[in-house]
Structure formats: structure tokens, C-alpha cells
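Please look over the sequence and the model shown below before reading on. The paragraphs that follow take the reader through selected parts of the structure.

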Amino acid sequence: MIKRSFDVCMAAVGLALTAPLFAIIAILIKLDSQGPVIFRQIRVGQGFRPFTILKFRTMVVAAPGTYVPLTIGQDPRITRVGRILRKLKLDELPQLANVLVGDMSFVGPRPEVPRYVERLRAQFSEVLTIRPGITDLASLRYIDEATLLSCSSSPEEEYEIKVLPEKLRLAKLYIRHMSLRLDFAIIVQTLLHIGRVPVVVFTLPDLKAAVEPPWTSLWTNLSPFIMKWRKPIIVLLDLVLIVLANYLAFTLKYDGSIPEGELYTFEQTVLALVAIRGVAFALFGLNEGLWRYTSVWDLQNILKGVLISTVVFYGWVHWVMEISGYPRSVFAIDAILLIGFLAGVRLSSRIFRDKGVFQKKRKVLVVGAGDSGERVVREMKTRSIFNCQPIGLVDDNIALLNQRIHGVQVLGTVGDIPKLVEALRPEVVVVAVPTATPEFLRDLVIKLEPYEISIKTLPAKEELLADQSTVSQMRNVSVPDLLSRAPIDLDNEATRQMVRGKSVLITGAGGSIGSELARQITLFDPEVLLLYERHENSLYNIHKELGDRGVAFPIVPLIGDVTDAQRLCAVLEQYKPQILFHAAAHKHVPLVELNPLEAVKNNCIGTRITAETASLYGVEQFVHISTDKAVNPSSVMGATKRVAELIVQDIARTSRTRFLLVRFGNVLGSSGSMLLRFQEQIRAGGPVTVTHPEIRRYFMLIPEAVQLVLQAAAIGKQGHVYILDMGEQIKVLDLARSLIRLSGFIPGKEIAIQFIGLRPGEKLYEELVGEGEIAVRSPLEKILQIQTTNQLDFEEFREGLSALEAASYCDETSVLLERLKDLVPMFRTCVPDTESSTVPTSPL
């Protein structure tokens, strides 16, 4: 109702005021060409109702067979007067009558001809819920549509495929943000665009003109001149303000009527005042700052310059010029007025630059009211480039509740976030807590699950760049932020001393762990790096990646299998590695469950051959990469990895090679990991499949897991097992929900989650410490050492191992599984719930 009242009033006033202009334009059109003054055309209005739109005729009356649906570039049909009318948009003036009768509004989606509407009727159904308008966002975007279309070889196709869909998108954007204030801003911006005045009174996405005007405005011509002579212009303006402030001070002192004697005093002293203030202003650099960046620093200099020059001027008047009758109150009034003038002209540039008639900003709720939160709020409020409006802060410090930071109130604690989101409807939540833990972020993501809100965070405190804006360093919360992190202050010097100048061999170098080991080891200057891998594609990729780094030492790619004793002996004989990282293994639980014979060959026999060869050829240190699935295993993969651990410990008892083992849980993003599978399912539109609602796993990032492996290797002792402290186990369901949420979808609503039942060999939770083991602290944080309480009979173990290997060579699966259970008594296969694995539950 308010919008319609505004339209009627403004249309009536506009028609009355422009009536003389209507008459002049009508005469010019009739003199220029034959035909009617008004052009009429059927357009589609609100509710798909056709109406007749009115325009001043700008083209010659079309001859039969010359109809062209679009106006393109320098269209020859446009008359001389019509070209001027189109450039100034005066041809649209008769549409004030359309507005008055209710067919149109001042602001609204531009009306289209019926044939375009019928082709995209479904999309126009949302747009035509309101009256079409004389101007809209698309009018600003395509201020010179004819020029844009003239650049295309097929203008009609360009309009239908590119321009019209974009107009519809902008029309829908206008409908979402529609208000009288926005209408006024669009009208003002349209007038400024027509006049080519480079002033922005409101901001919304994608409103830059599609084609820049070929001619420049008066401001464009004046701008270089003003910038070139900016300093003299500022000095001149300041001098004018000095004289004006002093004159007004006398005027105020004497109530607007300055006595003749006092006027003489003003004339007698004003030049000295100008000289003194001019010198003071130059000393404090008042004529050097860029006004659009005026800050507290500039205001301080204004105060200093005015006050000091006032004191000097007071001394000059009384002791040099000896004018005892100079009114003392004038000194104070003059100083106050001048400070106001100088600050006002400088701040006005910044105010008009940062404030518009309408600015659609993203509403931001800031988590954390500390130093980082203060910086975020301050930058968002003072720098319009970020297009953000902080609407509140939350902090668990109760003492800060209801306090304000730069005018923004602390509204509650983190526990109040769901309630605040419901009430305030923010579009972004920013975590301004650089020390936020993964547990804190996981809890926040879960709290915000039901809402379509972007969640952003700041880098860790030590990663924040002091010389850059805090807001510019914000990034989206990602899955790695939700996982345990390695301590930042790890001592890499011990790793460097271990690796530098040594020949290092990595088995399984093309896998997720092996390739990351290779990447990190290259940072510590080994003498030579040997990449041993049986898959040529994986080997090629990591070798090429490392080769592109331009390292100073050789990187040797070696195709080979850890079960091939002859090949391993040849490699160790030729290159004589001093450190060997054994990362080769079959690790995919369901696949290994289906192929137990190959698992034993690779994980058990391969480990024995590699460890024995390393001992035989005098390798100084052997680091075996194990897994949490080796603890109380329920899968063939876990059982074979436990056997591999025992093999290494057995050989370590009698070898001069220093053997050690490092055990850790799932690493995020490894080949075949659930994260990659979840991402594929989300991209496909779901559902995301989880085996069980209560299944939990340890997770860590690959680079950080490998970093801790290298640290453990640097301190490891003969035959010891080390485990990485991976924090708490995370529910896989929570990880899936968080990943869906961070991908921009609502779990259970836009992307379904289905439970498919435990797969063969899976258990609900993993362990890092098994029966007969205890974990004690090591010299390094996040690394624990395993101590065994039950001593193993290794003679009996070797006999069982020989039986296991024999079963693998004879392809006797059932026998092999029995032998595996003999070696690992804790190994108990899990029977999956066949009902839950085949009948998925309803989406969450």
C-alpha cells in the first residue's frame, strides 16, 4: 500500500512538472519524422495481465518486412531526436501514465513482450507477482543494452540465453530485498547512471554496468586535475576555513553585529592568524592525508595544530602586536569552530564514501568478544568493502554480557547461539577465537545444523598476519578444523638431525602415508630419497611432484614389491639406505576381508621380508607404520597388521638395526577414506551412507600424523611401540553431518543420511592400546609409548608364522584364518547385522 501510494503521488507530480517537457519533445518528434508521438506496445504485467506500455517514439515508422525484435547498437531505424531521447532515457517519461493507472510502478522488473514471457513462463511466475517498473536492478546492470547486444554475432540468441536469465535473476533478487528505501535508492542510482555520475548510493551484487559508457562524465575529466593539484586545493580550503572561523567567532561574540572597532581588529590580525595556523598545519601534515581514510590520528593532528597555533596567535596578538583589546572569548570560539570545520570537511568524504542510501550487508554474529572479536567488529563497521554488518557478539565470559564493543552488544553465551539465530537471522557466524579447539568447532557446527548459515573462522593465533586485515583472513570452517591437530611447537630439529645427509628408503611411497612421508622428508635434506612402490602410476605422480620442487639431492623411483626378497636385496645392496620407513600395506578393511590370502602375503610376509632384509644389510633404523585396527582386531586387515607388529618386535630382539613401530588411527583424505566417499555422495545429491549411528573413529590429518611419525622416529628406542595421541574418537555420523553442513546443505533435509549396517570386519569403535598393554608418556607431547605387560613366546610365534605363511601359499583360506587366530588370540571376526546392512533407515 505504501509503495502504491508513493507511485501515485510521484507519478502525478512528475506528469505535472514535466508537462512542458512533454510538449517540447512531442514537437521535436513530429518535426524529425513522420508518425505518432507515442509508441505503444503490448507487455505482460502483474499476474500475467497484458497491458499497453507507453513510450516516446524514437524510431521511424517500420515499413513492411523490416521488423527487427531488438534494438542493436547504432540501429539505423532510430531517429536523430530518438537517439538523444534514448541516451537520456527521456523516451520512458510517458510511462508515468502507466504508473498512475496502476499498470506499472516506479521500481520493479522491466516488463517483457509476451513471446519471451511464454518461453520462460515458470521463471516469470515469481517475477510477475509484483507490478513491473520503469527502472530496476537490470536497468542498472544493462544501462546500455543495445551496445552489449551489438557485440554479439547473434543478438537474439544472446538476449534469450544470457541477458534475459540474468534480468530474471536480478528481478528475483529485488523481490527478496524489496522496500521503499531500496526503491528510492534504485531511482537515485538510475538518475546518477544516466548522468554518468560516479557515485554509488547503494550496493547489491552484480550491478556493475555490463557495458561501460563510451563517453566520460564531467567528474571523470575533473578527477585527474583534482588529484594532481590536491595539496594546493586542500591548503587553499584550509586557509578559507581559518578566515571563516575567525570571522564567525567575532560574529557570534557580538550577536551577529560586529562593531566597527572590532571589525578593524579582525582585519588587522587575520593575516597573522592565517600565517601562524598555516605553518602549524604544515608541521602536523594536515594537508597531506587522504580524506577518504580520515581516522583518529587525523583528528588528533587537527586538535594539536589548532590548539598550538591558537596559543602562538594569542602571544603574537598580545606581545608582538600589543593589541590588548582583542576579545579573549574569540580565541576559544575560533578554535572550536575551526576544529569543527576541519574535521567536518575531512570526515564528510569518508562518510559519503562509506554510507549510501541503501547497502545490503550480510548480517554477522561474532563468536568471541576478545581482542580478535573486537578487530573483526571494528573492521566490519569501518570498512564497507567487506559488506558485513555485525549484529551481535557471544562469549562465555559472563562478565561481558550486555556490554558493547564498537556499539555491538554481547548478547549471550555460546549456548545461546541457536536462540539468537532464530531471533536475529544472521547470514554468517564468525568464530573470532583463534584458540578454538576442534571440540568447540564440532559443537558449534552441530548447533548450527538446522540453519542455512555460513560458518567462518580465523586462522590460528600464530598464523594471523599482523599486517593484514583480520576480516580478509577469514575462511570457511572446514572438516580439518574439526579434528585433533598436532602441536604447532614440535621440535623439528631432532628430525632434521636424524634425516640430514642420510639415505632414506620409503616402501609404499605412492600411498597416502608414504607419499606424505616423502614430502616431509625432502624438507630435511637427506642425501638420497628412495621411493619404493609397486604401483607405477602412484610412483610416477609422487616422483614428479617432488622433482618439480627442484631439490638438491637425488630422488630415485623404484618399482618393486615388498614380497620380492630378491628385488629388495638388490635395492639395499645398491643404495645402502640408512633409514627405512615401511608404509606398504593393504589397508582397506572390506577389500582385505574378501582377500585374506593377499593380505597375509603383503602385510605379514612383506613386512617379514622387508625387516629381515633391512637387518641383513645394516639399515640403521627401521620405522614400521601400524594402525589402531591392530588392537583387539575384528578384521583380517587388523589381525595381519598385528602380526606385522609382532614380526618387527621379534626381529628387533636380535638385530643391530633399531626397529620401532608407530601406531595411529584414521587419517583424513587418504585413498579410500570415508571422507572422500562422503564428498562424492554429497556431490551426487545423496544419500550419505553411514554404517551405524554409534560407530566412532580416531581421525587426524595426514600431514600432522606423518609429522608425529617423524618425531617418534627421532626419539624411538629398540623394539618399542609408539602411538599418536589422536584425541577423542569422533562419531562418524557427526562427521557426516558436519561435512554436509559445511558443503552448504542441511543434513536430513537437503541431503539424506542412511544407515547401511556394519561391514565385514568393522567394529563400533577403535582402540590404540590393547590387552596386555599400557600407554605411558614419552618425551614428546601427543606421542605415547606402549609398554607390554604380557611377554610373548617368540619361539612359538615363529612356528605359528610359518604355518600362516604356508597356508597363504597353499591358498587355504579357512586354514589361514585359523592360523591367524592362533597368532592373534584377540582376533574375533564381527558378523554384520544383515538386516540393517540391506534395509537402510529413513533419512534423518
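At what angle do the axes of helix H25 and helix H29 cross? In this predicted model, helix H25 spans residues 636-652 and helix H29 spans residues 794-809; their axes come within 11 Å and cross at roughly 130°. An angle of this kind makes H25 oblique to H29. The crossing of these two helices is left-handed. On the side of H25, the contact is formed by Val643, Leu646, Ile647, Gln649 and Asp650, and on the side of H29 by Phe794, Phe797, Arg798, Leu801 and Leu804. Sorted by class, the contact of H25 with H29 comprises 7 nonpolar, 1 polar and 2 charged residues.

Helix H29 also packs against helix H24, which covers residues 596-616. The axes of H24 and H29 lie 10 Å apart, at an angle of about 135°, and H24 and H29 are therefore oblique to each other. Their crossing is left-handed. From H24, the residues in contact are Leu597, Val600, Lys601, Cys604, Ile605 and Arg608; from H29, they are Leu801, Leu804, Glu805, Ala807, Ser808 and Tyr809. This contact divides into 8 nonpolar, 1 polar and 3 charged residues. Leu801 and Leu804 of H29 thus appear in the contact with H25 and again in the contact with H24.

H24 in turn meets helix H22. The axes of H22 and H24 come within 10 Å and cross at roughly 30°. Are these two helices roughly parallel or roughly antiparallel to each other? Angles under 35 degrees count as roughly parallel, and H22 and H24 are therefore roughly parallel to each other. H22 passes H24 in a right-handed crossing. Here Ala565, Leu568, Cys569 and Leu572 of H22 meet Ile609, Thr610, Thr613 and Ala614 of H24. By class, the contact of H22 with H24 has 6 nonpolar residues, 2 polar residues and no charged ones.

The next element is a sheet on which H22 packs. This open sheet has 9 strands with mixed pairing, in the order E16-E15-E14-E17-E18-E19-E24-E28-E27. Its edge strands, each pairing on one side only, are E16 (555-559) and E27 (773-777). From one strand to the next, the twist averages 25°. At one edge, strand E15 (residues 528-533) pairs with E16 in the parallel sense over 5 bridges, and Leu530 stands opposite Val556 in E16. H22 touches E14 (503-507), E15 and E16, and the direction of H22 makes about 160° with that of E16.

At the other edge, E27 and strand E28 (residues 783-788) pair in the antiparallel sense over 5 bridges. Val776 has Gln785 in E28 as its bridge partner. The hairpin of E27 and E28 has 5 residues between the strands, and in this hairpin Lys782 takes a positive phi near 70°.

Some details of the backbone deserve attention. Most residues other than glycine have a negative phi, and most peptide bonds are trans. Lys576, however, has a phi near 50°, a positive value in a residue other than glycine. Lys576 is placed in the loop between helix H22 (565-575) and strand E17 (579-582). The peptide bond from Gly686 to Pro687 is cis, with omega near 0°. Pro687 is found in the loop between helix H26 (674-683) and strand E21 (688-690).

Another open sheet has 7 strands, also with mixed pairing, in the order E9-E10-E8-E7-E11-E12-E13. The strands at its edges are E9 (404-405) and E13 (475-476), each of which pairs on one side only. Within this sheet, E7 (residues 362-367) and E8 (residues 388-394) pair in the parallel sense over 6 bridges; Val367 has Val394 in E8 as its bridge partner. Helix H17 (residues 417-424) lies across E7, E8 and E10 (408-412), and runs at about 145° to E8.

Finally, the confidence of the prediction should be considered. The protein chain averages a pLDDT of 83, and 86% of the residues score at least 70. Over residues 63-67 the pLDDT is below 50, and this stretch has 1 contact in the model beyond near neighbours in sequence. Residues 831-844 also have a pLDDT below 50, with 23 contacts beyond near neighbours in sequence. Where pLDDT is low, the predicted coordinates should not be read in detail.

Key:
Residues are numbered from 1 along each chain as its sequence is written. This is a predicted model: local features need pLDDT of at least 70, side-chain atom pairs count only at pLDDT 80 or more; totals for chains, interfaces and linings use all residues. Side-chain values use heavy atoms; hydrogens and water are left out. Axes are lines fitted to C-alpha atoms, for helices over the stretch in contact, and angles run from 0 to 180 degrees between N-to-C directions. Helices (H or I, at least four residues) and strands (E, at least two) are DSSP runs, numbered from the N terminus. Angles under 35 degrees count as roughly parallel, over 145 as roughly antiparallel, 65 to 115 as roughly perpendicular and the rest as oblique. A crossing is left-handed if the near helix is turned anticlockwise from the far one by less than a right angle, and right-handed if clockwise. Contact means heavy atoms within 4.5 Å. Ala, Val, Leu, Ile, Met, Phe, Trp, Tyr, Cys and Pro count as nonpolar, Asp, Glu, Lys and Arg as charged, and the others, Gly among them, as polar. Two strands pair if DSSP finds at least two bridges between them. pLDDT is the predictor's confidence in each residue, from 0 to 100.
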